[in-house]
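Please work through the exercises below with the sequence and the model open beside you. Try each task before reading its solution.

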Amino acid sequence: MKSLIRKLKKKFFEKEVYLKVYEPRKKTVPEKTIPVTTAWKGLELIIEDILDQFDVNRGSCIEFGVEFGFSSVVFSNYFEKVTGIDTFIGDEHTVHKGDHYDKTKQSLIGFENIELVQSDYKDWIKKDTNQYDFAHVDIVHNYKETYECGLWAVQHSKCCIFHDTESFPEVRRAVFDIAKNTGKTAYNYPYHYGLGIIA
Ligand SMILES: C[S@@+](CC[C@H](N)C(=O)[O-])C[C@H]1O[C@@H](n2cnc3c(N)ncnc32)[C@H](O)[C@@H]1O
């Protein structure tokens, strides 16, 4: 009975916060990945397809939420330059807490097109006026932070993706609201904890 109520609630929520379904036309294994444990695993297969389907140039990518660098390395296969912003201290939703900047920096040493910046997104978005081809938001999964960081990322890129639209209703709602408030379209890939796409 409890699981039926949960299922009905989920269906109602998904209807209220409707995101078009994104369907990959192809899957590609990127040439380079790093062996770290991450909830992002599986999404590396659809990045090239997203770039093709949404006609994204391969110049610059900005990422908010690097942690140990799995997604940054995936993007480094496709973009000339990847800028990764993270406090590198974890947050209320991450398993790892404590400063891991040096550890991540060390394991990404061979990836010359990745620049890591230890910063809160709040400080970064106050001073960066650049436009990027692509953006990724995977920070603390609260509505306020995802909306604030995501709105900036959507306004400063052609296409922006958001991790955890299925596992955190707050992220899904932020994606829905950002698309509505910017006049863009939101899509969702419902696997690997969910990936929202705004283009
Ligand atoms: C889920 S992890 C990112 C996972 C990563 N994308 C991957 O491929 O495995 C979330 C990261 O967001 C960072 N973070 C949380 N709040 C932040 C904020 N306000 N500004 C910058 N980074 C933040 C945390 O330090 C953590 O490393």
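The exercises that follow deal with salt bridges, backbone angles, a pocket and a surface patch.

The model is predicted, so that local features need pLDDT of at least 70 and side-chain atom pairs count only at pLDDT 80 or more, while totals for chains, interfaces and linings use all residues. Residues are numbered from 1 along each chain as its sequence is written, and side-chain values use heavy atoms, with hydrogens and water left out.

**Exercise 1.** Find which parts of the chain are linked by the salt bridge between Lys26 and Asp52.

Solution. Start from the criterion: a salt bridge is a side-chain nitrogen of Lys or Arg within 4 Å of a carboxyl oxygen of Asp or Glu. The side chains of Lys26 and Asp52 meet it with an N to O distance of 2.4 Å. This pair links distant parts of the chain, for Lys26 is in the loop between strand E1 (20-21) and helix H2 (47-53), whereas Asp52 is in helix H2, 26 residues apart. Helices (H or I, at least four residues) and strands (E, at least two) are DSSP runs, numbered from the N terminus. Next, place the two partners by accessibility, where buried means under 20% relative accessible area, exposed over 50%, and partly exposed in between (1.4 Å probe, protein chains only). Lys26 counts as partly exposed at 32%, and Asp52 likewise counts as partly exposed at 40%. Finally, a network of salt bridges links Lys26, Asp52 and Arg58.

**Exercise 2.** Decide whether Glu44, which forms a salt bridge with Lys41, is buried or exposed.

Solution. The side chains of Glu44 and Lys41 meet at 3.0 Å, N to O. Glu44 has a relative accessible area of 6% and is therefore buried, whereas Lys41, with 48%, is partly exposed. A search of the whole structure finds 8 salt bridges.

**Exercise 3.** Explain what is notable about the phi angles of Glu67 and Tyr193.

Solution. Begin with the general rule that most residues other than glycine have a negative phi. Glu67 is not a glycine, yet its phi is positive, at about 50 degrees; Tyr193, also not a glycine, has a positive phi of about 75 degrees. Then locate them: Glu67 lies in the loop between strand E2 (60-64) and helix H3 (70-76), and Tyr193 in the loop between strand E7 (186-189) and strand E8 (195-198). Glu67 is partly exposed, with a relative accessible area of 25%, and Tyr193 is partly exposed, with 47%.

**Exercise 4.** Describe the lining of the largest pocket.

Solution. A pocket is found on a 1 Å grid over the protein atoms alone, as an open set of points where a 1.4 Å probe fits, with protein on both sides within 12 Å along at least five of seven lines; lining residues have an atom within 4 Å of a point. The largest pocket holds about 820 Å³ of space, a volume being the space filled by probe spheres set on the points. Its lining has 37 residues, and those nearest the centre are Glu67, Asp91, Thr94, Asp138 and Ile139. By type, the lining divides into 15 nonpolar, 14 polar and 8 charged residues. H3, E3 and helix H5 (121-127) each supply at least two of the lining residues.

**Exercise 5.** Identify which residues make the nonpolar surface patch of about 450 Å².

Solution. The patch is made by Met1, Leu4, Ile5 and Leu8. Patch residues have over 30% relative accessible area and no salt bridge, and nonpolar side chains (Val, Leu, Ile, Met, Phe, Trp, Tyr) are joined within 5 Å. Leu8 belongs to helix H1 (residues 2-16) and is exposed, with a relative accessible area of 54%.

Notes: Patches are made of residues with over 30% relative accessible area and no salt bridge: like charges are joined within 9 Å, nonpolar side chains (Val, Leu, Ile, Met, Phe, Trp, Tyr) within 5 Å. Accessible areas come from the Shrake-Rupley method with a 1.4 Å probe; for residues, only the protein chains shown count as cover. Ala, Val, Leu, Ile, Met, Phe, Trp, Tyr, Cys and Pro count as nonpolar, Asp, Glu, Lys and Arg as charged, and the others, Gly among them, as polar.
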